[in-house]
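Q: I have a new model open and would like to practise reading its features. Could you take me through some of them?

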Amino acid sequence: MKKFGQIFFLGLMLVFSLNLFGGRDKVFKVETVASPPGERANSFYLGNRAPLLPSPLVKLPVGQVEPRGWLLSQLQLMREGLTGRLPEVSRFLGPDSGWLTLKGKGWEEMPYWLRGYGDLAYLLKDPEMIAAARKWVEAILRSQQPDGYFGPVDNRENNDLWPNMLALTCLQSYYEFSSDQRVLEFMKKYFRYQLSLPEGSLFPGSWQKLRGGENLASVYWLYNRLGEEWLLELAEKIYRRTADWESPILTPERDRNLEESSFYHGVNIAMGFRYPGLYYQQKKDPRLLQAVENNYRLMMDHYGQQPGGMFGADENIRPGYNDPRQGAETCTMVEFMNSFESLLKITGNPVYADRCEEIAFNSLPAALTPDLKALHYLTAPNLISCDSSGEHDFQNSGTLLSYDPWKYRCCQHNVAFGWPYFVEHLFLATADDGVAICLYAPSSVTIKAGKQGEAVRLIEDTDYPFGERVRATVYTEKPVDFPLYLRVPAWAEKTWLSVNGLNQAEVNQPGKFIRIEKTWKNGDQVEIEFAAPVKVVFWEAVGRAASVRRGPLWYSLEIKEEWKKVGGTEEWPAWEVLPASPWNYALLLPDNKPEEQIKLIAKKGPSYQPFSLERAPIILEALAKRLPGWKAEGKMVGKMPISPINSEEQAEKIRMIPMGCARLRISCFPWIRFK
Ligand SMILES: [Zn+2]
């Protein structure tokens with residue numbers, strides 16, 4: 001970015017006007033804000049209806065945000081891969097599914113898949129996929145009984161409303177896409193049924209009790225559309241009957257209480273911790289938001305001392321198992337992202353966008369093969385063999401690491417909504433009738449903005465997260481006044497902003513939104529660029545191990561991958577990925593400015609599928625020594641040695657690639673004091 005006419009932002013909440021001499025505009029206003037305002041509602045998109053707290057950020061109907069570039073190719077690969085063709089391999093999506101026959105079994109798998117598959121179809125505007133999604137939607141609608149209950153009868157016999165919570169979200173997306181009024185009537189009837197249930201019969205236990213907040217979100221969704229007050233009464237009942245996610249999740253009392261042990265399941269935590277935040281919209285007590293944050297911190301401080309935004313829960317979190325070799329389930333990743341997307345809209349706080357991106361760019365891609373045709377159950381920051389031996393110290397036994405389209409029941413269905421939901425939260429409408437760019441990736445949006453709700457199109461050109469510059473171009477028939485918000489990630493200590501290339505302001509306000517209030521004309525361009533120096537982060541709780549980050553990406557040792565077919569079919573093979581180069585390195589780091597030992601040696605634009613070893617767009621180089629004492633335990637990487645450590649080996653240059661490109665990885669390193 002060229003630097004002329006620099007204007008520096010200093011201090012908090014600086015509000016000033018920039019005079020663009022020679023520009024097309026005389027004056028516009030730039031400021032930084034903690035979040036978009038939350039006092040009123042957007043005039044054109046449905047957020048919360050009173051008495052619920054107004055939503056500072058509102059999602060647009062599915063399809064209005066369109067992915068481009070590498071993000072579009074993720075969706076295209078999904079269509080050709082596991083998500084698009086899952087009925088070919090999943091025994092849960094056949095004609096005997098209880099969701100179609102209304103007899104027999106049909107639990108979470110189908111709606112797990114459909115909420116992603118449906119949104120993928122709407123985003124790609126693919127007529128065949130839309131028709132295929134419609135088949136399942138119609139079956140759900142058809143299944144409603146006179147008292148309002150719906151879904152496979154087995155679930156009713158088990159008094160289990162959990163799978164229906166997922167089915168409701170499928171219907172909501174379908175409604176936003178189609179405006180099919182039957183959805184509103186259907187949901188109303190079902191919620192009447194839930195309201196009529198005796199208190200003790202609603203979520204008596206198990207998953208539904210721990211995950212009741214999903215149901216709560218759907219009740220608010222319908223309330224915002226219908227405004228019928230009994231829905232808020234039901235919301236109270238649902239929150240009352242949902243497990244307590246307000247109290248600290250890590251306590252000795254809960255440790256001893258076996259009944260509550262499913263609090264420790266990674267997926268439950270990734271979903272449940274946000275529920276007080278959902279209820280905050282109704283209760284308006286800031287302590288509920290504090291509870292969300294407290295539990296997030298508790299989790300991350302104990303089990304999330306690792307790069308990639310996840311925490312170690314290779315089924316459940318377990319005291320003493322916080323090493324970066326403990327994995328996170330793929331379901332946990334997409335549910336955690338979903339929770340952050342939801343909290344972003346409720347609070348307007350950009351930290352939730354940071355957390356969502358960290359998972360999307362660093363952890364999620366490595367959970368699947370680059371062709372998105374197979375996935376595994378667990379992904380860990382330190383993972384040296386994706387095999388099917390079962391020789392590892394995870395809570396679950398058996399095959400958890402090989403990439404296998406046939407093996408992993410929940411994850412291969414649930415992974416479907418990761419990228420589609422991410423796309424839908426790139427741009428959000430703001431309460432002051434503006435536009436917020438919340439997550440960064442190549443994309444475009446058509447959105448109503450300004451006083452009159454003019455349709456405006458914005459195209460976002462960027463290589464992000466593989467590049468640090470974002471250019472947004474505005475297309476509009478006539479000039480429109482509206483505020484444009486751009487998120488400044490918390491890692492961006494320096495940000496440069498320019499409008500129509502004429503001015504440049506340096507904004508040192510990480511973790512905020514830049515708000516530009518302007519009369520936007522056709523072709524106006526905003527450029528934002530983030531400084532992304534290499535950083536070394538130390539994990540005190542994990543032997544003071546070191547990780548390397550640069551901007552939104554974390555880096556892993558480049559380990560050669562040997563891909564071995566281990567079953568499946570010609571069309572849907574299962575793979576082991578085995579290490580074909582050494583992994584047991586310690587970084588050489590000086591006490592002072594450790595990042596200076598790490599050099600950027602290659603950087604290029606992302607390819608169609610950048611998340612692979614061969615096509616890693618960015619390569620770093622570091623100095624390291626082998627640590628002969630750091631050995632594998634079975635097929636698992638040995639526990640992290642305590643740093644600083646010594647080694648008599650020769651110093652070597654090692655290459656590091658983005659974590660999301662590495663199926664085998666070391667992204668937490670022991671280190672040697674470099675003198
Ligand atoms: Zn799973």
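Q: Let's start with one residue. In which helix is alanine 217 found?

A: Keep in mind that this is a predicted model. Alanine 217 sits in helix α9, which covers residues 212-226.

Q: Is alanine 217 buried, exposed or partly exposed?

A: Look at relative accessibility and compare it with the cut-offs: under 20% is buried and over 50% is exposed. Alanine 217 comes out at 27%, so it counts as partly exposed. While you're there, look across to threonine 169: the two are 48 residues apart in sequence, yet their C-alpha atoms are 9.0 Å apart in space.

Q: Now the metal. Which residues are the protein donors of the zinc ion?

A: List the donor atoms and their distances. Here they are Glu329 through OE, and Cys331, Cys410 and Cys411 through SG, at 2.1 to 2.3 Å from the zinc ion. Along the chain, these donors follow the spacing E-x1-C-x78-C-C.

Q: Why is the arrangement around the zinc ion called tetrahedral?

A: Go by the angles. For four tetrahedral donors the ideal is 109.5 degrees. Around this zinc ion the four donor atoms subtend angles of 95 to 119°, and that makes the arrangement tetrahedral.

Q: Are glutamate 329 and cysteine 331 buried or exposed?

A: Buried, both times: glutamate 329 has a relative accessible area of 2%, and cysteine 331 has 1%.

Q: How do I read a helix, say α16? How many of its residues are buried?

A: Check length first, then cover. α16 has twelve residues and reaches 17 Å from first C-alpha to last, close to the 16 Å expected at 1.5 Å a residue. As for cover, eleven of the twelve are buried, including Arg355, Glu357 and Phe361.

Q: What does glutamate 357 touch, leaving out residues up to four places away in sequence?

A: For a charged residue, check accessibility, then partners. Glutamate 357 belongs to α16, residues 351-362, and it is buried, with a relative accessible area of 2%. Its contacts are Asn362, Phe422, Leu439, Tyr440, Tyr464, Arg487 and Pro552. With tyrosine 464 there is a side-chain polar contact of 2.7 Å.

Q: Which residues touch the most other members of the largest nonpolar core?

A: Count neighbours within the core. This core has 226 residues, and Phe191, Phe336, Trp419, Phe422, Leu458 and Ile516 touch the most other members. Helix α3, residues 109-124, gives the most to this core, with ten residues. Phe422 also turns up among the contacts of glutamate 357. Tryptophan 419, for its part, touches Ala360 and Phe361, among others, as well as Trp70, Leu71 and Phe611.

Q: And how many of the residues of α3 are buried?

A: 16 of its 16 residues are buried, so α3 is largely enclosed by the rest of the structure. Its span is 22 Å from first C-alpha to last, close to the 22 Å expected at 1.5 Å a residue. Just after α3 comes lysine 125, which has a positive phi, near 50°.

Q: One last residue: where is arginine 544?

A: Place it between its flanking elements. Arginine 544 lies in the loop between β19 (534-539) and β20 (545-550). At 29% relative accessibility, arginine 544 counts as partly exposed. Its contacts beyond four places in sequence are Phe538, Trp539, Ser643 and Trp671. Proline 644 is 100 residues away from arginine 544 in sequence, with 7.8 Å between their C-alpha atoms.

How values were computed: Residues numbered from 1 in each chain as written. Predicted model: local features only at pLDDT ≥ 70, side-chain atom pairs only at ≥ 80, totals over all residues. Heavy atoms only, no water. Helix = DSSP H or I, 4+ residues; strand = E, 2+ residues; numbered from the N terminus. Buried < 20%, exposed > 50% of the residue type's maximum accessible area, 1.4 Å probe, protein only. Polar contact = N/O pair within 3.5 Å; in protein donor to acceptor, adjacent residues only side chain to side chain. Contact = heavy atoms within 4.5 Å. Core = buried A, V, L, I, M, F, W, Y, C linked by side-chain atoms within 4.5 Å. Donors = N, O, S within 2.8 Å, 3.2 Å for Na, K, Ca; no water. Tetrahedral: all angles 85-135°; square planar, octahedral: opposite > 155°, others 65-115°. Expected span 1.5 Å × (residues − 1).
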